[in-house]
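Got the viewer open? Keep the selection box handy, and we'll hop from one spot to the next.

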Amino acid sequence: RLDMERAARDVLNAAGYESIGMDHFARPEDNLARAQREHRMRRNFQGYTDDAAPTMIAFGASAIGQTKDGFVQNQKETRAYQAAIAEGRLPIIRGYRLTDEDRLRSSIIEQLMCYFACDVADVARRHGRSVEALAPEFEALHTFEQAGLVALDGSKVTLTSPYRQAIRTAKSIRLPDSTNEWSTLLPSPSQAQLVPVSRPSRSRTVSMSAMIWQAWLWSDRKS
């Protein structure tokens with residue numbers, strides 16, 4: 001699969017398409033290519049985009065929508081989805097409320113996915129946090145640095161040249177147990193009531209290092 005991806009990338013690049021993030025391609029004059037050069041590209045459920053809107057409305061059974069506060073998922077079964085629509089109800093079955101920690105890490109992941117580099121301290125400041133709070137993650141990244149997979153310059157993390165065979169040894173950084181809420185939306189024709197449903201505390205796998213592996217794997221950047 002990796003050889004196929006590289007072959008396809010070479011063909012598209014030779015045809016005048018620029019590599020956009022991990023898996024997109026666009027002509028240099030395309031809005032997405034310009035957004036990448038101007039450092040305003042975003043990543044959402046649909047892939048890379050130049051749209052800065054924080055809300056994405058989902059249509060269809062099982063579709064997932066996004067707001068600035070979290071995520072919502074439609075009814076998974078088509079009949080249940082259609083019934084809700086026919087009755088004038090929102091067809092939402094559940095949602096996830098983002099925490100401040102989620103938003104911080106999401107921003108870091110997005111930078112890595114879009115540009116293969118991230119100044120973590122800068123992102124932390126924009127979220128009203130200190131980079132020192134991520135000291136355990138930086139400590140774990142030294143293993144990646146020693147393997148030549150990332151370059152660390154202060155608080156800046158940059159993905160370097162890919163050594164594909166090393167992906168088999170990828171590990172995720174673990175965080176202490178944390179809690180959040182799964183919420184069920186019980187919509188009515190006039191309004192939707194948010195009913196929190198407790199979720200047991202469990203060990204959470206942080207996406208930061210996992211996404212470094214994924215973004216690094218698809219990157220053509222040179223060290």
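Is Arg9 buried or exposed, and what is its relative accessible area? Select Arg9 and turn on the surface: Arg9 is buried, at a relative accessible area of 1%. Buried here means under 20% relative accessible area, with exposed over 50% and partly exposed in between, using a 1.4 Å probe and protein chains only.

Before moving on, a note on ground rules: this is a predicted model, where local features need pLDDT of at least 70, side-chain atom pairs count only at pLDDT 80 or more, and totals for chains, interfaces and linings use all residues. Residues are numbered from 1 along each chain as its sequence is written, and side-chain values use heavy atoms, with hydrogens and water left out.

Stay on Arg9 and show its helix, α1, which covers residues 2-14. Helices are DSSP runs of H or I with at least four residues, strands are runs of E with at least two, and both are numbered from the N terminus. Now add Ser19: its side chain makes a polar contact of 3.0 Å with that of Arg9. Such a contact is a pair of N or O atoms within 3.5 Å; within protein, one must be able to donate a hydrogen and the other to accept it, and residues adjacent in sequence count only if both atoms are side-chain atoms.

Next, the sheet. Colour β8, β10 and β9, in that order: these three strands make an open, antiparallel sheet. The edges are β8 (117-119) and β9 (150-153), each pairing on one side only. Two strands pair if DSSP finds at least two bridges between them. Between β9 and β10 (residues 156-159) there are four bridges. Click Leu152 and you'll find Val157 of β10 opposite.

Then bring in the helices. Helix α4 (residues 100-115) packs on this sheet, touching β8 and β10, and its direction makes about 145 degrees with that of β8. Touching means contact, with heavy atoms within 4.5 Å. Helix α6 (residues 135-146) lies across β9 and β10, at about 130 degrees to β9. Those angles run from 0 to 180 degrees between N-to-C directions, with axes fitted to C-alpha atoms, for helices over the stretch in contact.

Last stop: rings. Select Arg27 and Tyr17; the charged end of Arg27 sits over the Tyr17 ring, 4.4 Å from its centre. Arg43 lies over the face of Tyr48, also with 4.4 Å to the ring centre. The test wants NZ of Lys or CZ of Arg within 6 Å of the ring centre and within 35 degrees of the ring normal.
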